[in-house]
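Me: I would like a close look at a single part of this model. Please keep the sentences short and walk me through it.

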Amino acid sequence: MKLKNLILQMALVLCAFNMNAELPVYLDDSKPIEERIDDAISQMSLKQKVALLHAHSKFSSPGVPALGIPELWTDDGPMGVRPEVLWDEWDQAGWTNDSCTAFPSLTCLAATWNPEMAALYGKSIGEEARYRNKSVLLGPGVNIYRTPLGGRNFEYFGEDPLLAGIMAAEYVKGVQSNGVAVCVKHFAANNHEWNRYTTNSIVGDRALYEIYLPAFKAAVDAGAWSLMGGYNLINGQHATYNQRLINDILKGEWGFDGAVISDWGAVHDTKQAVEGGLDLEFGTGTDGLGSKGNPYDNYYLANPYYNGLVEGKYSEDQLNDKVRRVLRLTMRTAMNRNRPFGSINSDEHHEACRKIGEEGIVLLKNVDNTLPIDLKKIHTIAVIGENGIKRMTVGGGSSSLKAQYEIYPLEGLEARLGKDIDIVYERGYVGDTCTHYNNVWTKQDLSDPRTPEQLTADAVKAAKGADMVIFIGGLNKSDHQDAEGCDRLSMDLPYNQNELIEALAAANPNIVVVNISGTGIAMPWLDKVKAVLQAWYLGNETGNALAAVLCGDVNPSGKLPYTYYASLDQCAAHKLGDYPGTPRHDPVEGDIIDMKYNDDIFVGYRYTDMNKIKPTFPFGHGLSYTTFEYGKPSINRKKGSVDDKFTVTIPVTNTGSREGSEIVQLYIADLKSSLPRPAKELKDFAKIKLQPGQTETVVFEIGREDLCFFDDKAHSWIVEPGKFEAIIGASAADLKGKVGFEIE
Ligand code: GLC
């Protein structure tokens with residue numbers, strides 16, 4: 001028997017070898033990718049090379065059909081795989097096999113402060129993209145939360161470059177473990193939606209290197225295979241082919257070996273695109289809502305580029321570098337026969353969705369132990385608010401999804417509590433009754449004939465008759481309410497929710513507010529409510545995740561990834577910056593909007609610290625159903641060189657009666673520097689789970705990268721000798737202790 005097996009195995013090996021022996025090198029994935037690329041390039045005509053560099057449908061580029069090099073299929077988005085669209089349209093194709101898992105918004109993922117959750121998220125969404133045969137997932141978005149008005153804040157990881165970078169890096173590795181490329185976006189300094197196609201972000205190098213680039217660099221260092229150039233201009237040139245950004249920094253200083261893909265319609269000029277480092281052009285000729293009349297041959301990197309090459313205007317070396325990068329992207333994905341096969345709408349993905357949602361919800365306020373709901377005292381709950389029943393996996397723009405299902409908050413509460421207590425629902429207000437987004441139908445009819453007065457009266461009546469009120473409101477990813485292409489018009493809740501919350505609180509002081517949003521809102525009623533949860537767009541498992549936290553099945557452990565300003569004048573982008581910018585006619589780019597980033601490096605807590613501003617809630621804030629006590633921090637040495645390891649330890653104890661997780665934050669203060677620096681900056685964090693009474697000693701290693709700042713004149717990261725402080729915080733404002741040390 002053994003001999004027979006041996007002979008059989010040898011035959012198989014020979015056959016496999018023989019099979020590879022027939023394969024041309026570029027198709028033989030037993031060969032190194034660079035060798036395969038060289039072989040492919042040597043067989044490609046000029047036309048085939050140029051064709052490779054631009055789309056031939058809304059979301060795909062052609063590969064090299066005659067050589068058997070497959071098409072490259074991309075698809076949105078950062079929170080789930082977009083439903084199929086028609087070949088050259090934004091509109092849905094009407095397939096019936098393309099519903100997906102809608103995972104929580106990336107701001108929710110950031111709020112977990114848990115890299116393991118980011119890894120789980122990336123792996124799960126990567127499996128869904130792989131199953132749908134997408135080779136490039138157009139995400140994650142890692143742009144910094146610079147203003148609470150930013151329309152796409154919900155798609156990003158908050159205001160701090162370190163937190164965003166650490167979480168994005170794990171997401172990148174998770175997605176790409178499926179043989180699916182990420183496309184980290186929108187590179188760079190693309191921080192609001194107002195005039196997104198013509199805004200010229202005027203940003204100094206210190207703000208670029210210390211604030212707006214680090215999350216992208218973390219993603220590149222994690223091995224990102226592609227990056228998306230943003231719509232905006234940076235210091236006068238379009239980001240997606242910005243000499244400085246793409247050639248000098250991304251491909252030069254960072255050594256990025258992947259492909260730069262344009263945002264859809266972000267390309268406006270052949271010469272600039274060719275010389276500015278763009279590799280793959282998508283979406284040209286669309287007016288943002290539909291693509292009419294601009295056949296793919298007219299793309300800037302299509303015939304105009306081909307003709308330029310033939311006329312000798314452009315070098316073949318430059319062309320081959322682009323081709324090399326696109327082939328490398330293709331061989332890492334579509335031509336990689338060792339990729340797993342993925343999966344979609346699985347129990348594992350639904351479980352991941354719920355876990356990330358539960359861990360990302362932030363308990364902002366909780367007085368009189370209002371939460372978790374005490375079933376011994378609460379027998380009737382009035383649930384008020386449109387967001388209790390509204391489908392929110394749709395909307396927001398390109399990240400809109402056709403989720404296979406969505407558990408609404410009210411459904412989650414009824415499923416969890418319906419047997420034990422009475423739940424009464426009242427709409428309270430009518431917000432967005434739109435029935436479809438990008439032709440994804442909500443299958444809801446949210447119309448309501450009642451007047452606002454009647455809606456309020458009915459809600460107040462229900463509130464009066466209940467032991468507890470849970471108001472579920474916020475924003476809803478309709479226009480100006482957390483949506484691509486349009487910023488918020490103010491920080492106020494829409495649809496008169498503020499007045500309604502005040503009326504409900506007057507009717508029943510035992511009121512909990514659940515704010516569902518992806519960005520900060522003003523809370524004029526904060527003193528009148530007992531508890532506030534910042535819940536995000538939580539995806540399929542919204543209602544279950546929310547109910548688990550409200551009922552105490554899960555102890556909330558999320559913390560804010562951005563400063564919750566009380567008003568815009570607490571935000572540097574508005575106080576120092578000139579949002580929404582100044583119109584100017586540029587001789588090359590035409591009518592643009594200059595947006596001066598005068599806030600420079602002072603974004604978020606870096607600004608409120610400096611000006612002793614007390615926001616509604618600070619960066620890194622989040623409560624628990626238990627309590628934690630921090631001991632005194634200690635450090636292994638008071639003095640040392642920058643290459644010495646400084647180790648800070650801090651004991652943390654769970655002093656409450658139930659298990660809980662705490663996010664311990666390490667900030668570094670440089671007490672004296674030759675250039676302005678923030679009072680402190682987040683340089684590390686640790687999320688620890690503690691049983692009641694348990695103490696864990698958290699250890700932070702401080703190295704050069706935690707101490708340096710970017711000297712734009714010297715164009716380098718430097719550490720200046722002098723005194724520093726390691727500051728331990730439960731948030732940027734709740735500081736638990738500090739230890740000084742000196743760099744000699
Ligand atoms: C959109 C977005 C980008 C998206 C792309 C494709 O305009 O800016 O995030 O991936 O176009 O839909």
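Which residue in strand 20 is the bridge partner of Arg 584? Please go on from there to the strands around that pair, and then to the ligand.

Reply: The partner is Ile 592, and this is a predicted model. Ile 592 sits in strand 20, which covers residues 590-596. A second pair can be named too: Thr 582 has Asp 594 of strand 20 as its bridge partner. In total, five bridges join strand 19 to strand 20. The two strands run antiparallel. They form a hairpin, with three residues between them.

Now step back to the sheet. Strands 19 and 20 belong to an open sheet of five strands. Its order is 9-8-6-20-19, and the pairing is mixed. Strand 19 (582-586) is an edge strand, and so is strand 9 (237-238). Each of these edge strands pairs on one side only.

Next comes the ligand. There are 15 residues around it. Asp 76, Arg 152, His 186, Tyr 231 and Asp 263 come nearest. By class, this shell has six nonpolar, two polar and seven charged residues.

Some side chains can be followed down to single atoms. In Asp 76, a side-chain N or O atom is 2.6 Å from an oxygen atom of the ligand. For the side chain of Tyr 231, the distance from such an atom to a ligand oxygen is 2.6 Å. For the side chain of Glu 484, it is 3.0 Å. Taken alone, the ligand exposes 310 Å². The protein buries 98% of that area.

Definitions and conventions
Residues numbered from 1 in each chain as written. Predicted model: local features only at pLDDT ≥ 70, side-chain atom pairs only at ≥ 80, totals over all residues. Heavy atoms only, no water. Pairing = 2+ DSSP bridges. Helix = DSSP H or I, 4+ residues; strand = E, 2+ residues; numbered from the N terminus. Near = heavy atom within 4 Å. Polar contact = N/O pair within 3.5 Å; in protein donor to acceptor, adjacent residues only side chain to side chain. Areas by Shrake-Rupley, 256 points an atom, 1.4 Å probe, with all protein chains shown as cover. Nonpolar A, V, L, I, M, F, W, Y, C, P; charged D, E, K, R; others polar.
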